[in-house]
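Work through the following exercises with the coordinates open beside you. Each one sets a task and then solves it step by step.

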Amino acid sequence: MKVVLASKNPHKLQEISKITEKFDMELILQSELGIDLDVEENGSTFEENSAIKAKAVMEATGLPALADDSGIMVDALGGEPGIYSARYGFDESLDDRGRMMLLLKNTQHVPDGQRQAKFVCVITMVTPDGQTIQARGEIHGELLRAPVGKN
C-alpha cells in the first residue's frame with residue numbers, strides 16, 4: 001500500500017520507513033507527488049496537530065497519509081515547550097541546538113531531582129475512506145544540565 005508521509009524531510013522518511021516496511025507500506029514524501037503543503041499546526045495537542053497534517057496531505061493526494069507531531073514536555077515548566085518544541089523561544093534564528101540551550105537556560109533554577117521531562121510522539125494515519133489510526137508514545141526521563149553525546 002502506498003502511503004504519503006506528511007513531511008518534507010527525507011531523513012524522517014528514512015527513519016519511519018524502517019518501521020512501516022514491516023506493514024507492507026511503501027512510504028513516500030509528499031514532494032514525490034508534486035505536493036508542497038505548509039500545513040498550519042494550529043491544534044492544542046500533539047494528537048490534533050498530527051491529525052491536521054495527515055488529513056491535509058490525504059485530501060491533497062487522495063492517498064492514505066501518515067503524520068507525526070512530537071516534542072519535549074518539562075514538568076517544572078508546566079509541560080512546556082510541548083507542542084511548541086520546534087518553535088521554542090519563537091525566535092526563527094534558533095536551530096535545534098539553540099532551542100536546546102534555551103531550554104537548559106530556562107530550567108537552570110530547577111533543582112536536581114525535580115527535572116522530570118518526557119518526550120512525546122503521536123503518529124496519525126488518515127485514509128481516503130475516513131479511517132483514522134492514531135498512536136502516542138512517551139519516553140520519561142530527567143532533563144540534564146548540559147548536552148551529552150552527538151545529535
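**Exercise 1: the surroundings of Val 74**

Val 74 is found in strand S3 (residues 65-74), where strands (E, at least two residues) and helices (H or I, at least four) are DSSP runs numbered from the N terminus. The model is a predicted one, in which local features need pLDDT of at least 70 and side-chain atom pairs count only at pLDDT 80 or more, while totals for chains, interfaces and linings use all residues. Residues are numbered from 1 along each chain as its sequence is written, and side-chain values use heavy atoms, with hydrogens and water left out.

Task: determine whether Val 74 is buried or exposed, and which residues it touches.

Solution. Start with the accessibility: Val 74 has a relative accessible area of 1%, and it therefore counts as buried, the class under 20%, with exposed meaning over 50% and partly exposed in between (1.4 Å probe, protein chains only). Next, list the contacts (heavy atoms within 4.5 Å): leaving out residues up to four places away in sequence, Val 74 touches Gly 79, Glu 80, Pro 81, Leu 103, Thr 107, Gln 116, Ala 117 and Leu 143. Then follow one of these partners, Thr 107, to the loop between helix H3 (96-106) and S4. Thr 107 is likewise buried, with a relative accessible area of 1%, and among its own contacts beyond four places in sequence are Val 74, Leu 77 and Leu 143. Finally, compare with the chain: the C-alpha atoms of Val 74 and Thr 61, 13 residues apart in sequence, are separated by 36 Å.

**Exercise 2: the sheet and its hairpin**

Task: establish in what order the strands of the sheet are arranged, and which are the edge strands.

Solution. First, read the order, S2-S1-S3-S4-S5, in an open sheet of 5 strands with mixed pairing, where two strands pair if DSSP finds at least two bridges between them. The edge strands are strand S2 (26-29) and S5, each of which pairs on one side only. From one strand to the next, the twist averages 25 degrees, with axes being lines fitted to C-alpha atoms (for helices over the stretch in contact) and angles running from 0 to 180 degrees between N-to-C directions. Next, examine S4 (residues 116-126) and S5 (residues 132-142), which pair in the antiparallel sense over 11 bridges; Ala 117 stands opposite Gly 141, and Phe 119 has Ile 139 as its bridge partner. In this hairpin, with 5 residues between the strands, Gly 130 takes a positive phi near 95 degrees. Lastly, place helix H1 (residues 10-20), which lies across strand S1 (2-5), S2 and S3 and runs at about 170 degrees to S2.

**Exercise 3: an aromatic pair**

Task: find how many aromatic pairs the whole structure holds, and characterise what is found.

Solution. The search finds 1 pair, given that rings of Phe, Tyr and Trp (its six-membered ring) pair if their centres lie within 6.5 Å, with planes under 30 degrees apart counted as stacked, over 60 as edge-to-face and the rest as tilted. Tyr 84 and Phe 90 form this pair, at 5.6 Å centre to centre and 55 degrees between the planes, and it is tilted. For the accessibility, Tyr 84 counts as partly exposed at 39%, whereas Phe 90 is exposed at 59%.

**Exercise 4: confidence**

Task: state where confidence is lowest and where it is highest.

Solution. The mean pLDDT, the predictor's confidence in each residue from 0 to 100, is 94 for the protein, and 100% of its residues reach 70 or more. Confidence is lowest in H1, at a mean of 91, and highest in S4, at 98.
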